[in-house]
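Got the viewer open? Let's walk through this one stop by stop, selecting a few residues at a time.

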Amino acid sequence: MDPVALIQKYYPDDNAPLQYILLRHSADVAEKAAQIAERHPELHLDQRFVYEAAMLHDIGIFMTNAPSIHCYGDKPYICHGYLGAELMRREGYFRHALVCERHTGAGISLEQIERENLPLPHRDLMPVSLEEQVICFADKFFSKTHLNDEKTVEKARKSLQKYGEEGLQRFDRWCELFL
């Protein structure tokens, strides 16, 4: 599988700024996730899958409304994960789809979706496999508005505050496991 070719299928050259943002952000996340996988052979991570899924985790952003990153879709940005998962399932990449839908925040529980009335499918959207967790964790260190700038642990943690205490606790556990 060639994740860049798949991105280019959904992000044609006529929208070059968005394609650039997605490719740059995804490459940063993939590199960090790969570094974690290399540093932790005891976790027995599927390194090829980690790279591919990290490159594709945000493929659904073009369907959302986030003009600051050149997204002019009609869905709220928080929906990009499950929208990307739908694309991946149509392409036949079911494991990659799980990463797409489970990477937002530090994962979003069904309880949180219901409590906050989020416009998401009513099911747990929590990273389960170690590969999903590594990609979700790596993603927290990079934004799409400040490309190439890796956040410190403290800044990554601060950006998760909007997702609640549960997300912060998961992030702290990941710091212990992956750093």
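Select aspartate 28 to begin: at 10% relative accessibility, this residue counts as buried. Keep in mind that you are looking at a predicted model. Now add arginine 24 to the selection. Aspartate 28 and arginine 24 form a salt bridge, with their closest N and O atoms 2.8 Å apart. Both sit in helix H2, 4 residues apart, or about one turn of the helix. Arginine 24 has 25% relative accessibility, so it counts as partly exposed.

Stay on H2 and pick lysine 32, then glutamate 150. Their side chains meet in another salt bridge, at 2.7 Å from N to O. Lysine 32 belongs to helix H2 while glutamate 150 is in the loop between H7 and H8, so this pair ties together parts that are 118 residues apart in sequence. Which of the two is buried? Lysine 32 is, at 10% relative accessibility; glutamate 150, at 45%, counts as partly exposed.

Next, select lysine 144 and aspartate 58. Here the closest N and O atoms of the salt bridge are 3.0 Å apart. Lysine 144 is in the loop between H7 and H8, and aspartate 58 is in the loop between H3 and strand E1 (65-66), so the bridge joins parts 86 residues apart in sequence. Both lysine 144 and aspartate 58 are buried.

How many salt bridges does a search of the whole structure find? The search turns up 13. If you'd like one more stop of this kind, highlight Arg89, Glu101 and Arg123, which are linked in a network of salt bridges.

Time for the inside. Select Ile7, Tyr11, Ile59, Met88, Ile135 and Phe137: these have the most contacts inside the largest nonpolar core, which has 47 residues. H1, H2, H3, H4, H5, H7 and H9 each supply at least two residues of this core. H2 gives the most, with 9 residues. Zoom in on isoleucine 7: leaving out residues up to four places away in sequence, it touches Leu22, Leu23, Met55, Leu56 and Ile59. Apart from the largest core lies another, of 8 residues, among them Cys79, Leu118, Leu120 and Leu125. In soluble globular proteins, nonpolar side chains tend to be buried together.

Now colour helix H3 (47-56). Of its 10 residues, 7 are buried, so H3 is largely enclosed by the rest of the structure. The buried ones are Phe49, Val50, Glu52, Ala53, Ala54, Met55 and Leu56. What covers them? The cover includes helix H1 (3-10), H2, helix H4 (80-91), helix H5 (94-102) and H7.

From there, move to leucine 87 in helix H4. This leucine is buried, at 2% relative accessibility. Setting aside neighbours within four places in sequence, leucine 87 is in contact with Tyr10, Ile59, Phe62 and Met63. To try your distance tool, pick the C-alpha atoms of leucine 87 and phenylalanine 49: they are separated by 17 Å, with the two positions 38 residues apart along the chain.

Jump to helix H9 (residues 165-178). H9 has 14 residues and reaches 20 Å from its first C-alpha to its last, close to the 20 Å expected at 1.5 Å a residue. Highlight Gly167, Leu168, Arg170, Phe171, Trp174, Cys175 and Phe178, which are buried. Look down the axis: the buried residues fall within an arc of 160°, so they line one face of the helix. Helix H2 (16-39), helix H7 (130-139) and helix H8 (153-159) are included in what covers them.

While you're on H9, click leucine 177. It is partly exposed, with a relative accessible area of 36%, and apart from neighbours within four places in sequence it is in contact with His40, Leu43 and Leu130.

Cysteine 175 makes a good link to the next stop. Where are the disulfides? A search of the whole structure finds 0. The sulfur of cysteine 136 is 12 Å from the closest cysteine sulfur, that of cysteine 175, which is too far for a bond. Cysteine 136 is buried at 0% relative accessibility, and cysteine 175 is buried too, at 14%.

Last, visit two loops. Histidine 44, between H2 and H3, has a phi near 55°, a positive value in a residue other than glycine. Asparagine 117, in the loop between helix H6 (110-115) and H7, also has a positive phi, about 50°, although it is not a glycine. Are these two residues buried or exposed? Histidine 44 counts as exposed at 68% relative accessibility, and asparagine 117 counts as exposed at 65%.

Terms used:
Residues numbered from 1 in each chain as written. Predicted model: local features only at pLDDT ≥ 70, side-chain atom pairs only at ≥ 80, totals over all residues. Heavy atoms only, no water. Disulfide = S-S within 2.5 Å. Buried < 20%, exposed > 50% of the residue type's maximum accessible area, 1.4 Å probe, protein only. Contact = heavy atoms within 4.5 Å. Expected span 1.5 Å × (residues − 1). Arc of directions from axis to C-beta. Core = buried A, V, L, I, M, F, W, Y, C linked by side-chain atoms within 4.5 Å. Salt bridge = Lys/Arg side-chain N within 4 Å of Asp/Glu carboxyl O.
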